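User: I am new to this structure. Please take me through it by questions and answers.

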2 protein chains.
Amino acid sequence: MAGAVGAGLVAAGTAAPAFAREAGQPAAGGAPKPGERTVALLLFDGFTALDAVGPYEVLCRLPGVRVVTVGTRQSGPVRTDTGELSIVAERTMADVTSADVLLVPGGGMRGVGAAAADPAVQNWIRRIDRGTTWTTSVCTGALILGAAGVLRGVRATTHWGPAARTALEGYGAVVTQQRFVEHGKIITGAGVSAGIDMGLHLASRLSGEEVARAMQLGVEYDPAPPFDSGNAAKADERTKQLALKLLNDAAV
Amino acid sequence: MAGAVGAGLVAAGTAAPAFAREAGQPAAGGAPKPGERTVALLLFDGFTALDAVGPYEVLCRLPGVRVVTVGTRQSGPVRTDTGELSIVAERTMADVTSADVLLVPGGGMRGVGAAAADPAVQNWIRRIDRGTTWTTSVCTGALILGAAGVLRGVRATTHWGPAARTALEGYGAVVTQQRFVEHGKIITGAGVSAGIDMGLHLASRLSGEEVARAMQLGVEYDPAPPFDSGNAAKADERTKQLALKLLNDAAV
């Protein structure tokens with residue numbers, strides 16, 4: 001499967017996007033090494049930066065694993081949900097025809113709604129999912145997987161917000177409250193920062209526990225949150241409403 | 001102070017980089033709103049993505065707070081330490097003449113070493129630091145602050161790796177083992193993922209605890225690491241050596 005992606009990468013690699021040349025940089029990555037396993041990280045307009053970068057940071061250093069950022073229709077900068085930050089997609093859905101791992105981050109409801117309603121995204125996800133060893137999501141990325149029809153009857157999690165959980169149920173998933181959940185080859189993570197926990201679990205599936213434990217130390221993931229407010233099941237209604245307002249007000 | 005940054009943003013905003021136009025996207029952000037406080041997030045070649053995106057994600061939605069990504073010499077995509085991911089710098093050090101908060105992420109030793117040895121970076125950090133309410137770093141970003149001379153006699157933390165801690169001591173900082181530490185207006189975070197904890201603490205300083213608690217819930221930061229290996233003080237030597245090898249082997 002990596003071979004097919006490799007072909008796409010080599011082909012696309014011969015034409016670095018103009019912005020990369022103008023910025024005086026080589027196209028990121030280039031051709032994968034033989035036998036390299038690929039993680040296709042879908043970047044759609046309005047994704048949430050930490051949903052993508054949390055798991056990226058613990059997967060990108062796994063020996064023999066290559067993370068490929070995939071834009072929906074073009075390579076180059078993809079805006080996040082706040083419109084303040086952009087991350088570069090190396091390739092496009094047209095370039096990447098298969099992958100060992102599919103990773104779909106979440107985003108604001110506008111961006112997720114648009115991606116979930118896009119037949120090209122749905123078809124690409126179904127095509128990639130057919131060949132993956134693991135199909136994964138973070139936060140509301142589960143809604144995009146759900147819209148593609150790959151979560152029917154699957155135990156899955158998403159952001160704690162009521163709209164996300166209701167939508168995920170609507171796609172036929174069995175919604176759980178877990179930080180991350182593995183069901184068959186599907187691994188879903190809860191909201192935003194849960195992508196780090198999910199990513200470390202995925203790292204152990206890809207490279208074994210010894211390497212995953214070392215990566216957790218490498219990124220010094222020994223959390224000491226300054227507050228006890230991260231769990232919606234324990235949060236008061238006022239904090240929940242303020243959290244949802246902050247998320248909605250910042251969205252573009 | 002935000003005004004001065006605003007002027008820079010407006011001026012720079014009149015010429016969106018070519019890559020942004022080619023990608024069919026507006027330049028991110030644009031002119032700040034009146035009274036908006038600015039966080040200048042320095043992106044240097046070889047920074048670590050999660051060091052920057054962890055705190056970004058909990059600061060970017062604070063009411064009246066604007067995060068501005070700052071490239072060292074040019075705007076546009078800046079490569080991270082692995083060379084596989086690039087994040088777009090909206091502005092440059094020349095555009096941004098002051099900020100309310102300075103945030104310096106860490107990176108691989110090559111990128112951090114080059115940034116720490118760059119007189120233009122050192123001068124810009126000293127200039128911005130003179131006007132900040134908070135000067136902050138994540139991971140080995142503390143070494144870049146240290147090279148600029150702003151950490152002498154300051155209690156500070158960095159990545160657990162011996163090289164980083166020794167270098168930080170060399171800059172006259174009093175190195176601690178804390179997840180994040182506030183000393184005067186300097187707030188430093190430990191390795192990589194500690195930027196989320198540091199960022200939430202900074203959020204409470206900027207917007208009060210009620211908002212910071214809500215942001216922690218917004219990004220669902222209720223960590224459940226799959227392993228107990230995130231703390232170097234508790235890790236065995238074999239895991240530490242493997243972690244450092246994985247970090248070094250992936251660096252470009």
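The questions below go from the reliability of the model to the chain, the pair of copies, the cysteines and one helix.

User: How far does the predictor trust chain A, and over which residues is the pLDDT below 50?

Analyst: This is a predicted model, in which local features need pLDDT of at least 70, side-chain atom pairs count only at pLDDT 80 or more, and totals for chains, interfaces and linings use all residues. Residues are numbered from 1 along each chain as written, chains are lettered from A in the order written, and side-chain values use heavy atoms without hydrogens or water. Chain A averages a pLDDT (the predictor's confidence in each residue, from 0 to 100) of 88, and 87% of its residues score at least 70. The stretch of chain A with pLDDT below 50 is residues 1-29.

User: What share of the residues in chain A is buried?

Analyst: Buried means under 20% relative accessible area, exposed over 50%, and partly exposed in between, with a 1.4 Å probe and protein chains only. Chain A holds 10 helices and 11 strands, where helices are DSSP runs of H or I with at least four residues, strands are runs of E with at least two, and both are numbered from the N terminus. Of the 252 residues in chain A, the buried share is 63%.

User: Which kind of axis relates the two copies?

Analyst: Superposition is by least squares on the C-alpha atoms of residues with pLDDT of at least 70 in both copies. Chain A falls on chain B with an RMSD of 0.0 Å after a turn of 180° and a shift of 0.0 Å along the axis. The copies are therefore related as by a two-fold rotation axis.

User: How many disulfides are there over all chains?

Analyst: A disulfide is counted when two cysteine sulfur atoms lie within 2.5 Å. For A:Cys60, the nearest cysteine sulfur is that of B:Cys139, 13 Å away. A:Cys60 is buried at 5% relative accessible area, and B:Cys139 is buried at 4%. The number of disulfides is zero.

User: Which residues of helix H7 in chain A are buried, and which elements do they pack against?

Analyst: In H7(A), residues 162-170, the buried residues are A:Ala164, A:Arg165 and A:Leu168. They lie on the same side of H7(A), because they cover an arc of only 95° around the axis, taken from the directions from the helix axis to the C-beta atoms. The face turned away carries exposed residues, A:Pro162, A:Ala163, A:Thr166 and A:Gly170. The buried residues pack against helix H4, helix H6, strand S8 and strand S9 of chain A.

Key. Contact means heavy atoms within 4.5 Å.
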